[in-house]
Amino acid sequence: MTKLPPLKLLSILTFSAISVLASPSSFAQLPSPVKNSHPLLYGSQADFLALKEQFPYKLPGFPKEGGSIEFEITPSSRSSGDWNNMPLFGASRDSGDVRGMFVRYLEQDTATEAWLQILFQGAPTVAGAVESIPKGRSSTIYLKWDPETHEAVLKINDKLVPGFTWKKTSDGKYIDWTPENQLFAFAGRANDIFGKLVLKNKKGDILLNHEVSEWQAWNEYVLQADKLITTLQNCSGKSDEAAPCNVETGSRGDIVGAARTLALAYNISAAPKYLDAAKQYVDKLTLLEGAKLGLGGEWSMGGRVAAMGTLYDWLHNNLDEVRLAKLALRIKETVSFSHPNSGDILSVSLCGYQGMTMSPLKCTLEPVYQNWDRANPNQKSIAHSYLGAHNFSAISNLTIGLLAIAPEHPDVLPALETSYQHFLKGFLPAREFISGEGGHHMGFAYGSGGELIERIIMWRRALEATAPSLFSADWQYKLIYPYIYGLRADGRFPARGDNFDTLPYLNAISNMALWAATQNNDKVAQGFYSNSGRNRGWSKAPLVWDRLLFGKVAYEPEQQRALPKSRLFGVAGEVVMRDTWDGNATILEFKSSNFVSQNHQHLDQNSFSLFYKSPLLIDSGLYDNYGNSHWSNYYTRTIAHNSILVYDPSEIFSLPGDTILYNDGGQWFKNPQTTYPTMEEVRPGGPNYLDGVSNFEDGLNYSYVKGNASKAYAAQKMDQNTGFLRSIVYLRKPSFWNKPVALIFDSVTTEKLLPANSLLHMATEPVARAPKEVANEGGGRFRLRFNQGQQPAFTILNGGGLATVQVVLPENANIVKVGGVAAGNNCRQIGSDAKVAKPMDPANLPAGYSVNDCRFTAPYPGGNGYANYPVLKSGQQSDMSDVGAWRLEIMAPQAPTEKSPQFFLNVVSVDDNTNGQAATMPEVVRLTNKTQATAEVLQIGSRTLVAFNRGTAPASSISWSSSISGSFDLLAVGMKPSTRYELVSDAGGSKVELKENANGSYWSSDQGVVNIGF
């Protein structure tokens, strides 16, 4: 289905960039010189001055002696994360005599109106009212107070609210009151949108005239900067401290974030305390020398170089010559640092395994950017890292440092030129290959293109006279669309790949939306930012960075409702299907990529997840620590995903460095030496190529996708062409059910007559409907037996949603329920070392571990039963809703006796969780003609048929038995594309056939779908 783009340079280059490719120099040049004035990183002095005008950097005190405040609010309905009686402005007087204005929601909403309580509160209350304002429309709230004249005024949308007057005591005197405890802060519900904010004193002088979000953003930014000052002053020297204290081994984001926050706070406010703290941070960063320059590996080294470059550039006119010189020296020393026993350093990230000279700062040999020969030791390259993330981060961070000092230190230009070539010939073409239609093979967290956009802006603004098209291409404007489609009602995205907290208001997401909006006039992206990014959830400070990079962007209403409700994201193989664009959407996300790699991509091809009000069928596991036992043996492996296992006891799962992982029966790499593949190795014929999505169609009331994950498995156990074919039909508006229904049909053809095992993961324990017997097999495994011929069904309840799974195939399935905590079993607990799968002593488990934990069980090495690969806590992921605790394993009752497909078919329906269980589920009847089993045909409800072709080639005819009299709706998939078909039935109407006929009444689509009535 997906045509892979050719290997090429970036689509759009400036003329000067193209011309330098023909330069006779051994190292190519930059497209134009680095600017010779500071600041140059991400903006000029004019950009910083413009930013300064957008925020209330002189934070006013609240006028207690009298004044007025006016703000705009577009109220929303309450979401799952909102509190009861959510505050809008000020603080409640729940404890003590808190004197101030307070506006909050009351829990008496209607579908169209939000009710507010507005108070001048004290002990007693001075003035108060309860009023409603329309949801989804902007309203203006105006409050005025004068303690001297006892004037209290409330206006809503310029209309005076009667009865909002200053109260008197029992003796007839006005209550003595001023807003002396006023909390000058705005909260609101998660999806509220604030507008203008005007604050005046008693004389009518304007103290503040900004948007509420600008006030919130700068107020939070200042609080962050002040916290950094306090932290710097109280560093303990302990190794587990975060930045700005731990610059030795801290994360790059923390290290460079502290530098940005302090320097930007000073540039906008000119407050000396921020400059003093920044100087203290400079001294801390430059203290490292010699062998300590390599502490923390490229992750921390890159953070230090970017932090030092930011401070050098943004505070260049405020730092003394000694500090400037030391910063420049440390930047060059850190970039060129070498160590014979480590590749986890910046010089290797830039040059490959070779040395660097210090002056000029350059790789000994120019790296090979394309068509690298792995077997040639004379070719130095990082081409195997272009599809990953770490080298891109490392090179981008060292580029920040080198750009900053280049005006005064031109000896760093050769290293900058190498960085530029990596962007031009490696990182950006790789990202275009992956995300030409949007999406990413690593999912939503590491797949974000927000940092990519930031890095393009970095280059553009640091170089002289570069055309606006430098590094730009149309595919970059599509990066935001998986997030538009994938945003769930809980404000998160599907937990695909290594998943850390990824929220729509973070810069990693807003950068993509704003890039499409400002560079391509994309109103859908602009509306997404305005309504999912601009309100920023609970954090508003990222707005400051948005404004520096993109300027002020006008509010745009939501525009995605005009989009198709499902979308395929190309080579990444992501497909997102939904039924609505509101908070009640049922989202089915599917993935079948065109290649496999390691890093943060999982072995999860042809897997899917389902969300309705809460996660129901999930990608399980927790991103706790990259490379540990849980990550290596469970979280990244096929066993943690809703996919297929084929267990071959002779299969070996190995990695370079003599690491042998356990055999889960899942997917693996054809060549363990190419877990970090080059662009050439992921193309057809390469060891990391996969077939991916072969068919996709989005209809008015349905979506259909078919993925081929055969090559994701070892050839010794899986047919490499038609081994694992998964077809999903998503019915968004079925006539027989009030919510979406999904049908998942698998055809699995194994070698050596190996049985296949279909997995379904969930956060809560699945409830079996009328099982005959539940047998506790130990190790967190419960075998479920049903009556012969009974169609098993399970209900999964989570939050406000539920899913019902009806297991149609295999008939008389062998089903095991696995997992749980304290569910009646003990499990062996495996230690965290990925290289040694060693069980911990059950009598002496570390604090927090429990023998009752069976959530993440997998085969124990050597085939000796099962063991749990536990987790405790993650510094990457705070939300646990997608972590999971249970799974179902579904197998045929007997192993196959010949090499022929094993079929699996589940029908999944969603509903509201109102009474703890689903009262009903759609009626599902299998109609397949037993004598001509060319298709699996289901009747769902009274008149809806869905047919799946059993064969591996497109079908010219399928048939089934039916008792339906009269018309019916039919959706048949796997048919020949763009072909005419007719429906015929025998005299009694018991056999129906859909067959090819040049004069037939029904055309199949170009994706092989025959749609009659959908």
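The following conversation covers the disulfides, one helix and one threonine of a predicted model.

Visitor: How many disulfides does the structure hold?

Guide: This predicted model holds three disulfides. Counted along the chain, the bonded cysteines follow the pattern 1-2, 3-4, 5-6.

Visitor: Which cysteine is joined to cysteine 235?

Guide: Cysteine 235 is joined to cysteine 245, with an S to S distance of 2.0 Å. Both cysteine 235 and cysteine 245 lie in the loop between α3 (212–233) and α4, ten residues apart. The link between cysteine 235 and cysteine 245 is left-handed, with -85° about the S-S bond.

Visitor: Is cysteine 235 buried or partly exposed? And where does cysteine 245 stand, buried or exposed?

Guide: Cysteine 235 has 28% relative accessibility and therefore counts as partly exposed, since the partly exposed class lies between 20% and 50%. Cysteine 245, at 5%, counts as buried.

Visitor: What about cysteine 351 and cysteine 363: how far apart are their sulfur atoms?

Guide: The sulfur atoms of cysteine 351 and cysteine 363 are 2.0 Å apart, and the two residues form a disulfide. With -75° about the S-S bond, this link of cysteine 351 and cysteine 363 is left-handed. Cysteine 351 belongs to helix α8 (residues 346–351) and cysteine 363 to strand β12 (residues 362–363), so the disulfide ties together parts that are twelve residues apart in sequence.

Visitor: Are those two buried or exposed?

Guide: Cysteine 351 is buried, with a relative accessible area of 0%. Cysteine 363 counts as buried as well, at 1% relative accessibility.

Visitor: Next, cysteine 827 and cysteine 854. Why is that disulfide called right-handed or left-handed?

Guide: The torsion about the S-S bond of cysteine 827 and cysteine 854 is about 115°, so the disulfide is right-handed. The sulfur atoms of cysteine 827 and cysteine 854 are 2.1 Å apart.

Visitor: Where in the chain do they lie?

Guide: Cysteine 827 and cysteine 854 are both in the loop between β31 (814–819) and β32 (857–859), 27 residues apart. Cysteine 827 counts as buried at 7% relative accessibility, and cysteine 854 is buried with a relative accessible area of 1%.

Visitor: A change of topic: which residues of helix α2 are buried?

Guide: Helix α2 spans residues 45–53, and its buried residues are Phe48, Leu51 and Lys52. Seen down the axis of α2, these buried residues fall within an arc of 100°, so they line one face of the helix. In general, an α-helix has 3.6 residues a turn, so residues three or four places apart point the same way.

Visitor: What does that buried side pack against, and what is on the face turned away?

Guide: The buried residues of α2 pack against α4 (252–269), α6 (297–314) and α15 (542–550). The face of α2 turned away from the buried side carries the exposed residues Ala46 and Glu53.

Visitor: Last topic, threonine 334. Where is its place, and is it buried or exposed?

Guide: Threonine 334 sits in helix α7 (residues 321–336). Threonine 334 counts as buried because its relative accessibility is 1%.

Visitor: What does its side chain reach?

Guide: The side chain of threonine 334 reaches the backbone oxygen of arginine 330 at 2.6 Å.

Visitor: Which residues does it contact, leaving aside neighbours within four places in sequence?

Guide: With those neighbours left aside, threonine 334 is in contact with Leu293, Met301, Val305, Met308 and Leu346.

How values were computed:
Residues are numbered from 1 along each chain as its sequence is written. This is a predicted model: local features need pLDDT of at least 70, side-chain atom pairs count only at pLDDT 80 or more; totals for chains, interfaces and linings use all residues. Side-chain values use heavy atoms; hydrogens and water are left out. Buried means under 20% relative accessible area, exposed over 50%, partly exposed in between (1.4 Å probe, protein chains only). Helices (H or I, at least four residues) and strands (E, at least two) are DSSP runs, numbered from the N terminus. The arc is that of the directions from the helix axis to the C-beta atoms. Contact means heavy atoms within 4.5 Å. A polar contact is a pair of N or O atoms within 3.5 Å; within protein, one must be able to donate a hydrogen and the other to accept it, and residues adjacent in sequence count only if both atoms are side-chain atoms. A disulfide is a pair of cysteine sulfur atoms within 2.5 Å.
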